[in-house]
Amino acid sequence: MSQTVKGVISRSKKAPTEVVDVVIPDPGARDVVVAIKACGVCHTDLAYREGGINDEYPFLLGHEAAGVVESVGSDVTHVEVGDFVVLNWRAVCGQCRACKRGRPWYCFDTFNASVPMTLTDGTELTPALGIGAFAEKTLIHELQCTKVNPETDPAVAGLLGCGVMAGLGAAMNTGNVGRGDSVAVIGCGGVGDAAIAGARLAGATKIIAIDRDAAKLEWAKDLGATHTINGSEVDDVVTAVQDLTDGFGVDVVVDAVGRPETYKQAFYARDLAGVVVLVGVPTPEMTLEMPLVDFFSRGGALKSSWYGDCLPERDFPMLVDLYEQGRLPLEKFVTERIGLNDIEAAFEAMHAGKVLRSVVEI
């Protein structure tokens, strides 16, 4: 039987969010209903609200979540009722050209629920990233669920569903940071600080945090940065990085901002044959102009990181276990715990740089 729950939607471009009744239909054959326990407030949700993703309103926002499987479709085998799961928006299909070439972290044909959630008047909702977890319950495909240790705090585990995984993976998966490497991270919000935590976990010995906000640099030190550079207090960020690395630059630079000026800093702040990882998301109108000879002469690799190049079934349980062992301080990303009615205030706090993550608890 379908059921009605409370959820947070956006009806039109830049309109304030609303808490409304959302109809959860019976799950299709491979769908599951998940009772949401916690969901992080991610910048992507704000981008949906402001029309930065598409115009398929109304949106059911929220996607960085953890919860408990409540009911399952007739053909579901991946999870069972009662499983504690982190939701993911890369449900690897196993059949697309990326999967068949052994690169499932690039899967081009991920799964979503087979039937839509709606408003009470029948209006179909577009769930953010195919999830829609600013709600008491949501409907997703079974492969959008990843089972993890049920003893874990949902507010912590859910962060792996998007932003924290994006940062951790940018360092550990895309950047392939290894023991003894030097790393610089430009932009010390939630994603950048997760890259710092990932670099530390991977064994980097010098981790340089770069930002223009002194408070964010303090957060970065708490999560593993060994050195900090305040971009508002130095003449040139690249020179400052080189001064900390015997004039050479670092092995890996993670650009968690995604602007032309920060990308140039990342490019020139790396050592010869070093790696640049772009995880900050540029806007469509941004362009980059640089001497082509510099790309040739400096060598190395220039990479983009999508969802931290993660495989949820591989990475989420491992990272939760590392958290439970005290080796990965995921709890430090939870700045505040809020309710469904507090989403707008959380967007404002995020935009002002006052939080790493606001987490909705349900």
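## Phe267 and its surroundings

Is Phe267 buried or exposed? Phe267 is buried, with a relative accessible area of 0%. The model described here is a predicted one.

Arg270 sits over the face of the Phe267 ring. The distance to the ring centre is 4.5 Å.

## Aromatic pairs

How many aromatic pairs does a search of the whole structure find? The search finds seven. One aromatic pair joins Phe267 and Phe295. Their ring centres are 4.9 Å apart, and the planes make an angle of 50°. That makes the pair tilted, because only angles under 30 degrees count as stacked and only those over 60 as edge-to-face.

Phe267 belongs to helix H8 (residues 260–269), while Phe295 belongs to helix H9 (residues 292–298). The pair therefore ties together parts that are 28 residues apart in sequence. Phe267 is buried at 0% relative accessible area, whereas Phe295 is partly exposed at 28%.

Aromatic residues also gather elsewhere. Tyr48, Tyr57 and Phe59 make up one aromatic cluster. Another arginine is placed over a ring: Arg30 lies over the face of Phe111, 5.6 Å from the ring centre.

## Ser10 in strand S1

Where does Ser10 lie? Ser10 is in strand S1, which covers residues 3–10. Its relative accessibility is 0%, so Ser10 counts as buried.

What does Ser10 touch, leaving aside residues up to four places away in sequence? The list is Ala15, Arg49, Tyr57, Pro58, Phe59 and Leu61. Two of these names, Tyr57 and Phe59, also appear in the aromatic cluster with Tyr48. Ser10 has a polar link as well: a polar atom of its side chain lies 3.5 Å from the backbone oxygen of Ser12.

## The five-stranded sheet

Strand S1 is part of an open sheet of five strands. The order is S7-S2-S1-S4-S8, and the pairing is mixed. Which strands form the edges? They are strand S7 (118–119) and strand S8 (126–127), and each pairs on one side only.

Strands of a sheet pair through backbone hydrogen bonds, in either a parallel or an antiparallel way. S1 and strand S2 (residues 18–24) pair in the antiparallel sense, over seven bridges. Val8 has a bridge partner in S2, namely Val19.

Terms used. Residues are numbered from 1 along each chain as its sequence is written. This is a predicted model: local features need pLDDT of at least 70, side-chain atom pairs count only at pLDDT 80 or more; totals for chains, interfaces and linings use all residues. Side-chain values use heavy atoms; hydrogens and water are left out. Rings of Phe, Tyr and Trp (its six-membered ring) pair if their centres lie within 6.5 Å; planes under 30 degrees apart count as stacked, over 60 as edge-to-face and the rest as tilted. Helices (H or I, at least four residues) and strands (E, at least two) are DSSP runs, numbered from the N terminus. Buried means under 20% relative accessible area, exposed over 50%, partly exposed in between (1.4 Å probe, protein chains only). A charge sits over a ring if NZ of Lys or CZ of Arg is within 6 Å of the ring centre and within 35 degrees of the ring normal. A polar contact is a pair of N or O atoms within 3.5 Å; within protein, one must be able to donate a hydrogen and the other to accept it, and residues adjacent in sequence count only if both atoms are side-chain atoms. Contact means heavy atoms within 4.5 Å. Two strands pair if DSSP finds at least two bridges between them.
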